[in-house]
Amino acid sequence: MNEAMRILTGRTEWFIVMALTLPMIGCSARRPSPPPPDPTPMARESYQIGATDVLLINVWKNPELSVEVPVRSDGMISVPLIDDVQAEGLTPQELKEVISRELSEFVAAPDVTIMVTAMNSRFVSVVGEVRQDMRIPLTRELRVLEAIAHVGGFSTFADRSDIRIVRRNADGTEAEYRFDYNAYIRGKAPGTNIVLQSGDTIIVPD
C-alpha cells in the first residue's frame with residue numbers, strides 16, 4: 001500500500017470512529033428541559049399517603065379505637081379491631097372510607113377522621129456545594145430558592161449559575177431543569193424558580 005492509500009485509509013477510519021462516537025456523546029448528556037409551569041390550585045393532586053408517614057385516626061366517641069400509627073414499609077397500618085389496613089397510595093379520604101367500612105361490622109355508623117401528622121414520605125434532596133446536604137420534608141409548596149436557603153445557602157465554591165433540578169417522571173424517565181441564581185436575582189430568568197415535587201434532587205456544582 002502506497003503512502004496516499006495509507007493516508008486515505010487512516011482518514012476513512014477516523015471519520016467512521018467519529019460518526020459512531022458523536023451520537024453516543026450527545027445521548028449521554030441529559031438535556032435541560034424548559035421550566036414547567038406553576039401548578040394551578042385545581043391541578044394539584046390530593047395527597048397520597050406513603051410509607052413512613054404518621055397518621056392520626058380518630059373515631060368519634062370511640063377513644064379506644066383512636067390511634068396514631070406509622071405507615072410501615074409494606075404500606076400497611078394497624079388499626080384496632082380490623083388489624084392491618086393498606087394505607088400507602090390512598091388519599092386520607094379514601095383511607096377514611098376503607099376504615100369506616102371495616103369498622104361498621106363492629107361500630108354503628110363510625111365517624112372516622114384521618115389526619116397526616118408527619119409527611120415523612122414526601123421530600124426533596126439538596127446536594128453539592130451547599131452548607132449542608134439535606135433531605136427536606138415536603139410539607140408545603142416549596143421552590144428552589146427556599147430549599148437552598150433551608151440548607152444554609154451556598155458554600156464558597158458553588159457555581160450559582162448552573163444549578164440543576166433532577167426529577168423522575170411517573171414513566172421512569174428523568175427530566176432536568178436548570179436554575180441560574182445570578183440571572184434570576186437580576187430578573188433575567190423568570191419562571192425558573194420552580195415549584196418542587198416530591199423526589200426532586202437539587203444539585204449545586206462547584
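**Loops, sheet and cores of a predicted model**

Biologist: Between which two strands is the loop that holds Leu81 found?

Modeller: The model is a predicted one. E3 and E4 form a hairpin with three residues between them, and Leu81 is in the turn. The loop that holds Leu81 therefore lies between strand E3 (76-79) and strand E4 (83-86).

Biologist: In what sense do E3 and E4 pair, and over how many bridges?

Modeller: One pair of facing residues can be named: Met76 stands opposite Gln86 in E4. The sense of the pairing between E3 and E4 is antiparallel, and the number of bridges is four.

Biologist: What is the phi of Leu81?

Modeller: Most residues other than glycine have a negative phi. Leu81 is not a glycine, yet its phi is positive, at about 80°.

Biologist: Is Leu81 buried, partly exposed or exposed?

Modeller: The relative accessible area of Leu81 is 46%. Buried requires under 20% and exposed over 50%. Because 46% falls in between, Leu81 is partly exposed.

Biologist: Which threonine in the loop between helix H1 (3-28) and strand E1 (54-59) has a positive phi?

Modeller: The residue sits in the loop between H1 and E1 and is partly exposed, with a relative accessible area of 43%. Its phi is near 80°, a positive value in a residue other than glycine, and the residue is Thr52.

Biologist: Gly50 is in the loop between H1 and E1; is Gly50 buried or exposed?

Modeller: Leaving out residues up to four places away in sequence, Gly50 touches Val71, Glu88 and Ser121. The C-alpha of Gly50 is 7.5 Å from that of Ala87, a residue 37 places apart from Gly50 in sequence. The relative accessibility of Gly50 is 7%, and because the limit is under 20%, Gly50 counts as buried.

Biologist: Which strands are at the edges of the open sheet of five strands?

Modeller: The order in this sheet is E7-E6-E10-E8-E9, and the pairing is mixed. Each edge strand pairs on one side only, and these are strand E7 (134-137) and strand E9 (174-179).

Biologist: What does the twist of this sheet average from one strand to the next?

Modeller: The strands concerned are those in the order E7-E6-E10-E8-E9. From one strand to the next, the twist averages 20°.

Biologist: Which residue in E10 stands opposite Val127?

Modeller: Strand E6 (residues 123-128) and strand E10 (residues 201-204) pair in the parallel sense over four bridges. In E10, the residue opposite Val127 is Ile203.

Biologist: Of the residues in the largest nonpolar core, which touch the most other members?

Modeller: In soluble globular proteins, nonpolar side chains tend to be buried together. The largest nonpolar core here has 22 residues, and those that touch the most other members are Val144, Ile163, Ile165, Leu196 and Ile202.

Biologist: Which elements give two or more residues to this core?

Modeller: One of its members, Ile165, touches residues that include Val144, Tyr177, Leu196 and Ile202, not counting residues up to four places away in sequence. The elements that give two or more residues to the core are E6, helix H3 (144-150), strand E8 (163-168), E9 and E10.

Biologist: How many residues are in another core, apart from this one?

Modeller: Ile57, Ile82, Val85 and Leu95 are among the members of that other core. The number of residues in it is 21.

Biologist: How many helices and strands does the chain have?

Modeller: Along the sequence the pattern is α-β-β-β-β-α-β-β-β-α-β-β-α-β. The secondary structure comes to four helices and ten strands.

Key: Residues numbered from 1 in each chain as written. Predicted model: local features only at pLDDT ≥ 70, side-chain atom pairs only at ≥ 80, totals over all residues. Heavy atoms only, no water. Buried < 20%, exposed > 50% of the residue type's maximum accessible area, 1.4 Å probe, protein only. Pairing = 2+ DSSP bridges. Axes fitted to C-alpha atoms, helices over the stretch in contact; angles between N-to-C directions. Contact = heavy atoms within 4.5 Å. Core = buried A, V, L, I, M, F, W, Y, C linked by side-chain atoms within 4.5 Å.
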